[in-house]
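Dear colleague,

Please find below the sequence and the structure for your review. My findings follow directly after them.

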Amino acid sequence: MILLWIKPAIRPLFPADDSPLQVNLSNTAINVDYVNQLTAKKTTILAVNYSNPFAIDEIYNENTKNRFVGVLGTFGIESEALLDIVTGKVNPSGKMPFTTPINQAAVEKNKEDVPGYNEGAEYPLFKFGEGLTY
C-alpha cells in the first residue's frame, strides 16, 4: 500500500493580470502522470494538502477511485500528525472548510460570488462541512 501526500502549489488567488484561476493538479506543480503511474501499481491512501480548493480529478475520478482506500484532506499539518492518523494512533476528525470543485471546468463555469456549496449538485467533489471519523 502507498501513502501519497500531495502538496499542490498555486499562484495567488487574486493575480494582478486577471488571468483565470487554475486549480487542477497539473497546473499546481504536481506531476499527474507520475502519480497515475504510481497509483496504478498499488492501492493508495491519498492525502491532499488543501491550502486551496484544488480539483483532484486528474488522479481521483470515476475511472481511478477504486485505486484508493481513502482520501484525506490535510491543512498544513506536520508529517507526524498524518502518520498518527494513517496508523490509527489518533482518530481523524474535522470538516471541510470549503467545497472542492469536481474539476477545472466546474470552476470555469461557477457563478460569481456564490460559495461552492451553493453552486449545485454538479459542482462539488467534497462539500463544505463534510468529514468522517472512525
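Both faces of strand β2 are covered in this predicted model. On one side Thr44, Leu46 and Val48 are buried, and on the other side Ile45, Ala47 and Asn49 are buried as well. In a regular strand the side chains alternate between the two faces of the sheet. For β2, which spans residues 44-49, the count is 6 buried residues of 6.

The neighbouring strands come next. Strand β1 (residues 2-6) runs parallel to β2, and 5 bridges join the two. Within this pair, Ile6 stands opposite Val48. Strand β3 (residues 68-74) is also joined to β2, by 6 bridges, and this pairing is likewise parallel. Here Asn49 of β2 stands opposite Thr74 of β3.

As to the packing, the largest nonpolar core comprises 17 residues. Those with the most contacts inside this core are Ile6, Leu25, Leu46, Tyr50, Ile56 and Ile59. At least two residues of the core are supplied by each of β1, α1 (32-41) and β2, and the largest share, 3 residues, comes from β1.

Which residues does Ile59 touch, not counting those up to four places away in sequence? The contacts of Ile59 are Ile6, Leu25, Val32, Val35, Asn36, Leu46, Thr64 and Phe68. Apart from the largest core lies another one, of 5 residues, including Val23, Ala106, Val107 and Tyr123. In soluble globular proteins, nonpolar side chains tend to be buried together.

With kind regards

Notes:
Residues numbered from 1 in each chain as written. Predicted model: local features only at pLDDT ≥ 70, side-chain atom pairs only at ≥ 80, totals over all residues. Heavy atoms only, no water. Buried < 20%, exposed > 50% of the residue type's maximum accessible area, 1.4 Å probe, protein only. Helix = DSSP H or I, 4+ residues; strand = E, 2+ residues; numbered from the N terminus. Pairing = 2+ DSSP bridges. Core = buried A, V, L, I, M, F, W, Y, C linked by side-chain atoms within 4.5 Å. Contact = heavy atoms within 4.5 Å.
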